[in-house]
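This report walks through one protein model step by step, beginning with its overall make-up and then turning to its interior and its surface. Please keep the sequence and the structure in view while reading.

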Amino acid sequence: MNTGLILHTVLGLLLLLIPAGALYLLERKMLKSFGLTIVRMVVQLLVVCLMVWALIRFNKAWLSLVWLLLMAVYAAWIVVKRCKLLWRRLLPAVGVGLFVGVLIVGLWILGLVLSVRVFDAHWFVPVMALLTAHATAMMIRGLSTYVSALKADEQQYEFLRGNGASHFQALLPFLRRSMLAVISPTMANLTVLGITSMPLLLCGILLGGMTPVNAFILMLHMIIGCIAASVLSLAITLFLADKSLFDKFGKMQAM
C-alpha cells in the first residue's frame, strides 16, 4: 500500500465527520453505536475483500464452488434465524435451495448470456454474490410467509385434505402466498430500482471500464437473474423442506 492510497483513504474516512457531527449536536447517545457500526462494517468489508482477492488470485473452479457453498450455508443460517425456525430441520433445505438455485441461474447468465468463462473468478464471484444476496432477502420473505400462513390457517389445510385433496393440492394456497411474497415486492421495487440501488452497481460497472450500453445490458441481465434465482431457490427449498414440515401422513409438524 503506497502513501498516496493511505492519504486518499484517510481523506475518504474524514467524510464520516459529517454524520458524526450531526449526531454530536442532535443525539450524542448514538455516537458510540455509530462508531461501532462503522468499525464492524470496515472489518467485514476487509474480510470480504481478502476473500475475493484470494479467489481471483488463485482462480480455481473448485475454490469458487466451495466459496459459493459457504456463502449459501451462511445465507441459509441467516434465513432460518430471521424466520425463527428450527435450524437443524430446515437449514439443509434452505442451503441446498440457495446453492442450486443461484448456481443454475448464475451459470446460465455467465455461460449462455454473457458467453464468458463461467468459473473465471473475475465474473463468477460478483455475479454469484449479487444473485445470492437478492435470493437470500427474498427467501426470508417467501419462507416466512409460507410458514406463517401454514401456522395461521392449518385448519384450511386439514379441511382441503379431508375433502379429498392431495397433499400438493392442499398446499397450493400457501405456495401461492409464498411466491407472491417474493414476486410482488420485486415488481414494486422495479419501479424505483433505477434511482435507488442500481446506480451503485452502474457506477461500479462504469468504473470497471465498461461502456454505458454494455453496462445497461449487463444490469438488465442481472435484474432478470435476481428474480429468477429468487423464485427458483424458494421453489427448491419448499420442495426439500416438505418432509421436514410434514410427517408421512401429511400432518404438519412443530416448526
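## Overall make-up

The secondary structure of this protein consists of 10 helices and zero strands, and the model in which they appear is a predicted one. Read from the N terminus on, the elements therefore follow the order α-α-α-α-α-α-α-α-α-α.

The protein has 255 residues, and buried residues make up 33% of them. Among the contacts with a separation of 6 or more, 68% are between residues 24 or more positions apart. The accessible surface comes to about 15700 Å², and carbon and sulfur atoms account for 72% of that surface.

## The largest nonpolar core

Which residues have the most contacts inside the largest nonpolar core? They are L68, V94, L98, M128, L131, L143 and Y146, in a core that has 53 residues. At least two residues of this core are supplied by each of the helices α4 (61–83), α5 (87–113), α6 (121–152), α8 (167–190) and α10 (212–245). The largest share, 15 residues, comes from α6.

V94, which is one of the residues with the most contacts inside the core, can serve as an example to trace in the structure. Once residues up to four places away in sequence are left out of the count, V94 touches A76, V79, V80, M139, L143 and T237. One of these partners, L143, is itself listed with V94 among the residues that have the most contacts inside the core.

## A buried serine

S230 has its place in helix α10, a helix that also supplies at least two residues of the nonpolar core. Is S230 buried or exposed? It counts as buried because its relative accessible area is 2%, whereas the cut-off for a buried residue is under 20%.

The side chain of S230 makes a polar contact with the side chain of H134, at 2.9 Å. When its neighbours within four places in sequence are set aside, S230 is in contact with H134, A135, M138 and V182, so that H134 appears both as a polar partner and in this list of contacts.

## A nonpolar patch on the surface

On the surface, I6, L7, V10, L11, L14 and L17 make a nonpolar patch of about 550 Å². Helix α1 (residues 3–13) contributes the largest share of the patch, namely four residues.

V10, which belongs to this patch, is placed in helix α1. Because its relative accessibility is 42%, V10 counts as partly exposed, a class that lies between the cut-offs of under 20% for buried and over 50% for exposed.

Definitions and conventions. Residues are numbered from 1 along each chain as its sequence is written. This is a predicted model: local features need pLDDT of at least 70, side-chain atom pairs count only at pLDDT 80 or more; totals for chains, interfaces and linings use all residues. Side-chain values use heavy atoms; hydrogens and water are left out. A nonpolar core is a set of buried Ala, Val, Leu, Ile, Met, Phe, Trp, Tyr and Cys residues joined through side-chain atoms within 4.5 Å. Buried means under 20% relative accessible area, exposed over 50%, partly exposed in between (1.4 Å probe, protein chains only). Contact means heavy atoms within 4.5 Å. Patches are made of residues with over 30% relative accessible area and no salt bridge: like charges are joined within 9 Å, nonpolar side chains (Val, Leu, Ile, Met, Phe, Trp, Tyr) within 5 Å. Accessible areas come from the Shrake-Rupley method with a 1.4 Å probe; for residues, only the protein chains shown count as cover. A salt bridge is a side-chain nitrogen of Lys or Arg within 4 Å of a carboxyl oxygen of Asp or Glu. A polar contact is a pair of N or O atoms within 3.5 Å; within protein, one must be able to donate a hydrogen and the other to accept it, and residues adjacent in sequence count only if both atoms are side-chain atoms.
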